[in-house]
Amino acid sequence: MSKLTKNQKLASAKIEPGKAYTLKEASALVKEITLAKFDASVDIDVRLGVDPRKSNQMVRGVVSLPHGTGKVTRVLALCTPDKEAEAKEAGADHVGLDEYIEKIKGGWTDIDIIITMPSIMGKIGALGRILGPRGLMPNPKSGTVTNDIGTAVKEVKQGKIDFKVDKTGIVHSSVGKVSFEAEKIYDNAKEFVSTLVKLKPVAAKGTYLKSIYLSSTMSPGIKVEPKTAED
């Protein structure tokens, strides 16, 4: 087992062993235990009482964080010429169609999200092998396939994210940066958990929010009492 660094020891010493903190306490504590020299992301991990192998217990959705993620999201809008001005005005980093499809076929994926239109999905389908493994494939369920290109681009730029439970029943997401005020981290994390609660599958039985942990890129995880994230 690798030894803890001096900073890791200092961070761990601030967390009371076995204690489940309120979400507000954890939102403040995550700032204290992050000793990285860069502006680390604040992440939340929620273990759900679902069986992702069953289609009627799959949890997937989108959420607009009140204070955004703090990350610069690079957006590619694949759209028809009549929508290009709308996409650019909304803040898309790259706008076009055929030229970008060819770039992607050549291996270019220097983007974080692709927003496109239903009428174009036929062309994009051929890019599945490249985009799929990188999580870049547009999907109507996440709001990235729409005729309202401008609104979709704006929402993503302002902090709208999509999430999906993994095969172990955990949903992971970034909810801000360590430089955020504790109250903003709390607001974002609470909105994320509230969205998960709204998406609870009817088929899910027993405890739904099994555990919640808040952490930063290089910090230990802080155990959160689930009820304090729902209230």
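**Close-up views around helix 3 and the sheet**

**View 1. Helix 3 gives way to a glycine with positive phi.** G91 follows helix 3, and its phi is positive, near 110 degrees. Helices (H or I, at least four residues) and strands (E, at least two) are DSSP runs, numbered from the N terminus. This is a predicted model, where local features need pLDDT of at least 70 and side-chain atom pairs count only at pLDDT 80 or more, while totals for chains, interfaces and linings use all residues. Residues are numbered from 1 along each chain as its sequence is written, and side-chain values use heavy atoms, with hydrogens and water left out.

**View 2. Helix 3 has a buried side and an exposed one.** Here we look at helix 3 (residues 81-90), in which K83, A87 and A90 are buried. These residues cover an arc of only 60 degrees around the axis (taken from the directions from the helix axis to the C-beta atoms), which puts them on the same side of helix 3. P81, A85, K88 and E89 are exposed on the other side. Buried means under 20% relative accessible area and exposed over 50%, with partly exposed in between (1.4 Å probe, protein chains only). Strand 3, strand 4 and helix 7 are what the buried residues of helix 3 pack against, contact meaning heavy atoms within 4.5 Å.

**View 3. Three strands form an open, parallel sheet.** The strand order is 4-3-5, and strands count as paired if DSSP finds at least two bridges between them. Strand 4 (94-96) and strand 5 (113-116) are the edges, each with a single partner strand, so one side of each is left without a neighbour in the sheet. From one strand to the next, the twist averages 15 degrees. Strand 3 (residues 75-78) pairs with strand 4 over 3 bridges, and A77 has V95 of strand 4 as its bridge partner.

**View 4. Helices 4 and 7 meet the sheet.** Helix 4 (residues 98-105) packs on the sheet and touches strand 3, strand 4 and strand 5, its direction making about 115 degrees with that of strand 4. Helix 7 (residues 149-157) lies across strand 3 and strand 5, at about 160 degrees to strand 5. Axes are lines fitted to C-alpha atoms, for helices over the stretch in contact, and angles run from 0 to 180 degrees between N-to-C directions.

**View 5. I120 is buried in a loop.** I120 sits between strand 5 and helix 5 (121-124), with a relative accessible area of 4%. Leaving aside residues up to four places away in sequence, I120 touches L78, C79, T80 and L97.
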